[in-house]
Amino acid sequence: MAVALIFISIFVLFLVSILFKFATAEGDFTLISKRHVKREEIEDKVIWITGASRGIGEVLAKQLANLGAKLILSARNEAELERVKKQLTGKHAPHGVKILPLDLASGEDSLKESVLKAESFFPDTGVHMIFHNAAFERPKTSALEVSEEGLKATFDVNVFGTISLTRMLAPYMLKRGKGHFVVMSSAAGKTPAPGQAMYSASKHALNGYFHTLRSELFQKGIRVTVVCPGPIGTTTNLGASTSENRGVSEKRVTSERCAELTIIAASHGLKEAWISNQPVLAVMYLVQFMPTTGFWLMDKVGGRRVEAAAQKGNTYSLGLLFGKKKSS
Ligand SMILES: NC(=O)c1ccc[n+]([C@@H]2O[C@H](COP(=O)([O-])OP(=O)(O)OC[C@H]3O[C@@H](n4cnc5c(N)ncnc54)[C@H](OP(=O)(O)O)[C@@H]3O)[C@@H](O)[C@H]2O)c1
């Protein structure tokens, strides 16, 4: 009897510790179990980052430079890229940091030119890894408010531009027998995202393309890591007032931690990684492993979330489940 009680107590303690870990985790279990960056996968590698002029991309540039990577920084705003470059420190900064302004919506010919330039910056090695991080702004629109113009603008950057750049760069990587695409998707690419239909559609499209690309090219040395962050606090969405500014009442993972976990995921070659606080992380698990329950939950909160977004309230509040609209 005493032995059984000891076993039950140990089991309960084990369950409680797992629950605590889950409640406080900032990423999925596989990602969190990795703990540290494999530096040897980053140091001296040529890494191209799109969307490096601000937000998560800027923080990725700082952390990758500190880990000893050679960098190519891209976005449309050249002056901002120069500002980011000036702040970088590390084994190859600033001489091993190149600026490559580009517009992902500029079409295939112009992106082909960008890939040629990127490859020529470090002719001995070419590009080892690209972080597809750039994205079009995330307008809050319900599924029926989506306009053709908005859809086109979102897909031109998030999907068509990103896929074109990949199609142009992949042949160089295939010739070398190795290359790695790290794709900044979103929790909105894994679950329904009421109030963000266009953005969600574009990120689901990215997930589909890149998981398929990996399945086709893995045996030829091509790696793909799809990263799906939930709400992240960046200078853009926590600082200046933007159409998306929800204030600090939403518990967001910091952009520093998001970048760190993204680099951990990439350096360990994870195929997919989720980065988020609760309750978004729990919803991702539900939709992935218990879709009937996950979709039931999203159907329950969806209408209220669209209203909360319109009123600039907290779109991640548990109160949405019970009909309370918490404003920030
Ligand atoms: N922040 C979040 O809460 C969150 C959550 C989940 C996923 N994500 C994903 O994480 C990534 C980074 O997010 P973020 O919040 O850091 O974004 P952000 O602050 O809005 O920055 C977007 C970046 O993309 C660049 N960009 C925009 N349009 C471009 C174009 N046409 N061509 C080339 N570059 C372009 C921007 O630079 P220019 O304006 O200079 O071109 C900027 O550097 C995105 O893929 C986003 O979807 C973010």
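Start by selecting Lys86: it counts as exposed, because it has just 10 C-beta neighbours inside 10 Å. (Buried here takes 20 or more other C-beta atoms within 10 Å of a residue's own, exposed 12 or fewer, and partly exposed lies in between, with C-beta atoms placed from the backbone.) Lys86 sits in helix α4, residues 78–87. Add Gly68 to the selection: the two are 18 residues apart in sequence and 16 Å apart in space, C-alpha to C-alpha.

Before moving on, keep in mind that this is a predicted model, where local features need pLDDT of at least 70 and side-chain atom pairs count only at pLDDT 80 or more, while totals for chains, interfaces and linings use all residues. Residues are numbered from 1 along each chain as its sequence is written. Helices (H or I, at least four residues) and strands (E, at least two) are DSSP runs, numbered from the N terminus.

**The sheet**

Next, colour the strands. Seven of them form an open sheet, ordered β3-β2-β1-β4-β5-β6-β9, with parallel pairing. (Two strands pair if DSSP finds at least two bridges between them.) The edges are β3 (97–99) and β9 (272–275), each pairing on one side only. On average, neighbouring strands of this sheet are turned by 15° against each other, direction ignored.

Zoom in on β4 (residues 129–132) and β5 (residues 179–184), which pair in the parallel sense over four bridges. Ile130 stands opposite Phe181 in β5. On to β5 and β6, parallel over six bridges; here Val182 has Thr225 in β6 as its bridge partner.

Now show helix α7 (residues 197–217), which packs on the sheet, touching β5 and β6 (222–229), and whose direction makes about 155° with that of β6. (Axes are lines fitted to C-alpha atoms, for helices over the stretch in contact, and angles run from 0 to 180 degrees between N-to-C directions.) How many of the eight residues of β6 are buried? Six are, so β6 is largely enclosed by the rest of the structure.

**The ligand**

Select the ligand and its surroundings: 28 residues make up the shell, and the closest are Gly51, Gly55, Arg76, Asn77 and Ala135. (Near means that the C-beta atom, placed from the backbone, lies within 6 Å.) The elements giving two or more residues to this shell are α3 (55–66) and α8 (235–238), and α3 has the largest share, three residues. Colour by class and you get 13 nonpolar, 11 polar and four charged residues. (Ala, Val, Leu, Ile, Met, Phe, Trp, Tyr, Cys and Pro count as nonpolar, Asp, Glu, Lys and Arg as charged, and the others, Gly among them, as polar.)

**The two domains**

Pull back and colour domain 1 (25–138 + 145–232 + 252–287) and domain 2 (290–322); these bounds come from an automatic or database domain assignment. Their C-alpha centres lie 28 Å apart. Where they meet, 10 residues of domain 1 are in contact with 14 of domain 2 (contact: C-beta atoms, placed from the backbone, within 7 Å). The domain 1 side of that meeting has eight nonpolar, two polar and no charged residues.

**Backbone oddities**

Most residues other than glycine have a negative phi, and most peptide bonds are trans. Now for some exceptions. Arg35 has a positive phi of about 60° and is exposed, with 8 other C-beta atoms within 10 Å. Asp44, at about 70°, is partly exposed, with 14 such atoms. Find Arg35 in the loop between α2 (29–34) and β1 (46–50); Asp44 is also between α2 and β1.

Finish with the cis peptide bonds: Ala93 to Pro94 has omega of about 5°, and Gln278 to Pro279 has omega near 5°. Pro94 is in the loop between α4 and β3, Pro279 in the one between β9 and α10 (280–289).

Notes: Contact = placed C-beta atoms within 7 Å.
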